[in-house]
Amino acid sequence: MSSIDYIYRYDPDNPEDKSLPPDPPTARQVLEEGNRVYSRWIEECRSHQLNDQPNQYIVPWHGLLVDIEHPPRQAPFAVILGCADARVPIEMVFGQASNDLFVVRVAGNVLANVCMGSIEYALSNLAETVKCVVVLGHLNCGAVTDTVKAYLHPAEYAMKIQSTGLRSIVQSLFTSVKLADDAIHRIWGPDAPRHHEYHDALIHVSVCVNAAQSALDLRNEVKRSGHKEIEVLYGVFNMVTHQVRMPADPRAPRGEPHVNLAHAPRGASGVTNIAELMAEIVRPKHVKRYRPAAKAAASQP
Ligand SMILES: [Zn+2]
């Protein structure tokens with residue numbers, strides 16, 4: 001069987017053929033299409049099922065990088081806040097090359113002060129080319145999983161995690177886990193923790209809430225900094241399908257039409273809405289949608 005190549009290609013005859021996306025909607029389309037190419041390549045590698053397309057997946061290399069005399073001008077079209085997880089290589093996930101993305105990576109993609117500072121740097125100094133800011137969470141995130149353990153078993157957590165650095169990451173994620181838990185209780189009912197699916201569901205919903213909350217915070221920061229034309233988006237990477245989606249249904253079909261980045265919530269209620277939507281998506285079939293009893297008795301004369 002022949003190899004299945006993922007290639008960075010520079011065309012000397014047309015070195016500038018990879019033009020910058022002119023606006024945020026185009027930037028979003030470029031990222032989504034890049035993820036479709038990447039996930040298609042991985043799927044083909046994993047399945048060994050060659051499709052009817054040539055078995056080469058090509059990422060254009062930007063002409064700005066090949067000037068021998070001078071360092072290239074930094075010209076990313078998107079700022080990405082992603083997790084440090086080695087299985088989520090940001091440029092590859094979005095099918096991009098060097099100088100396309102300004103990437104900030106930290107465990108749990110938490111929006112710590114230094115991360116916000118890096119993003120503010122990009123907004124201040126690279127506004128000419130930056131069209132969008134993206135928060136990328138991912139399923140099976142170790143930082144979120146540890147935070148869920150700490151949330152559910154705080155005494156054990158206090159004994160295990162002595163490092164102040166690790167604690168700060170877990171504490172940054174705590175609010176998202178609480179919001180996710182509240183949403184699961186509203187959708188599944190007060191007995192939610194008794195279901196064996198609860199633990200994994202809490203991790204999954206927390207990942208999405210964390211990405212949504214960071215996107216909301218970044219949206220507010222982008223507005224405050226006066227760059228109203230820059231869009232803030234978010235999504236969650238599935239390490240089985242290698243696709244970015246929002247909402248991130250782990251049971252959704254693998255079809256490429258499902259690749260999408262969502263716009264950042266416009267307020268706290270938007271984060272609550274996505275938490276409840278995710279709680280509904282991961283609700284097991286045997287768990288009925290919770291309908292609290294009407295408080296009629298209290299209002300009756
Ligand atoms: Zn992670």
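Trainee: Which glycine follows α7, and what is its phi?
Mentor: This is a predicted model. Just after α7 comes a residue with a positive phi, near 85°. That residue is glycine 226.

Trainee: How many residues of α7 are buried?
Mentor: Start with the helix itself. α7 has 27 residues and reaches 38 Å from its first C-alpha to its last, close to the 39 Å expected at 1.5 Å a residue. The helix is mostly covered. Of its 27 residues, the number buried is 20.

Trainee: At what angle do α7 and α8 cross, and are they roughly parallel or roughly antiparallel?
Mentor: Two packed helices are described by the angle between their axes and the distance between the axes. Here the axes of α7 and α8 come within 9 Å and cross at roughly 160°. Angles over 145 degrees count as roughly antiparallel. The two helices are therefore roughly antiparallel.

Trainee: Is the crossing of α7 and α8 left-handed or right-handed, and which residues of α8 meet α7?
Mentor: α7 passes α8 in a right-handed crossing. From α7 come His204, Val205, Cys208, Val209, Ala212, Gln213 and Leu216. In α8 they meet Gly270, Val271, Ile274, Ala275, Met278 and Ala279.

Trainee: Which residues of α8 are buried, and why do they line one face?
Mentor: An α-helix has 3.6 residues a turn, so residues three or four places apart point the same way. The buried residues of α8 are Val271, Ile274, Ala275, Met278 and Ala279. Seen down the helix axis, these residues line one face because they fall within an arc of 140°.

Trainee: What covers the buried residues of α8, and how far does this helix reach?
Mentor: The cover includes α6 (164–188) and α7 (198–224). α8 spans residues 268–281, 14 residues in total. The expected span at 1.5 Å a residue is 20 Å. From first C-alpha to last, α8 reaches 20 Å.

Trainee: How far apart are the axes of α6 and α7, and at what angle do these helices pack?
Mentor: α6 and α7 cross in a right-handed way. Among the α6 residues at the contact are Leu173, Val177 and Ile184, and the α7 side includes Leu202, Val205 and Val209. The packing angle makes α6 oblique to α7. The axes are 8 Å apart, and the angle is about 120°.

Trainee: Which residues of α7 does α4 meet?
Mentor: Helix α4 (residues 142–152) packs on α7 at about 120°, with the axes 9 Å apart. That makes α4 oblique to α7, and the crossing is right-handed. α4 supplies Val144, Thr145 and Val148. On α7 they meet Leu202, Ile203, Ser206, Val207 and Asn210.

Trainee: Where does the cis peptide bond sit?
Mentor: Most residues other than glycine have a negative phi, and most peptide bonds are trans. One cis bond has an omega of about 0°. Its proline 247 lies in the loop between β7 (243–245) and β8 (262–263). The bond joins methionine 246 and proline 247.

Trainee: What is the phi of asparagine 99, and is this residue buried or exposed?
Mentor: Asparagine 99 is found in the loop between α2 (90–93) and β4 (101–105). Its phi is near 75°, positive in a residue other than glycine. With 20 C-beta neighbours inside 10 Å, asparagine 99 counts as buried.

Trainee: How many C-beta neighbours does histidine 242 have inside 10 Å?
Mentor: Histidine 242 is found in the loop between β6 (231–238) and β7. It is not a glycine, yet its phi is positive, about 60°. Histidine 242 counts as buried, and its C-beta neighbours inside 10 Å number 23.

Trainee: Which residues is tyrosine 38 in contact with, leaving aside its neighbours within four places in sequence?
Mentor: Tyrosine 38 is found in helix α1 (residues 24–47). It counts as buried, with 24 C-beta neighbours inside 10 Å. Its contacts beyond those neighbours are Met92, Val93, Gly95 and His242.

Trainee: What distance separates the C-alpha atoms of glutamate 43 and glutamate 91?
Mentor: Glutamate 43 is also placed in helix α1. With 16 C-beta neighbours inside 10 Å, glutamate 43 counts as partly exposed. Along the chain, glutamate 43 and glutamate 91 are 48 residues apart. Their C-alpha atoms are separated by 18 Å.

Technical notes
Residues numbered from 1 in each chain as written. Predicted model: local features only at pLDDT ≥ 70, side-chain atom pairs only at ≥ 80, totals over all residues. Helix = DSSP H or I, 4+ residues; strand = E, 2+ residues; numbered from the N terminus. Expected span 1.5 Å × (residues − 1). Buried ≥ 20, exposed ≤ 12 C-beta atoms within 10 Å, placed from the backbone. Arc of directions from axis to C-beta. Contact = placed C-beta atoms within 7 Å. Axes fitted to C-alpha atoms, helices over the stretch in contact; angles between N-to-C directions. Parallel < 35°, antiparallel > 145°, perpendicular 65-115°, else oblique. Left-handed = near helix turned anticlockwise from the far one by under 90°.
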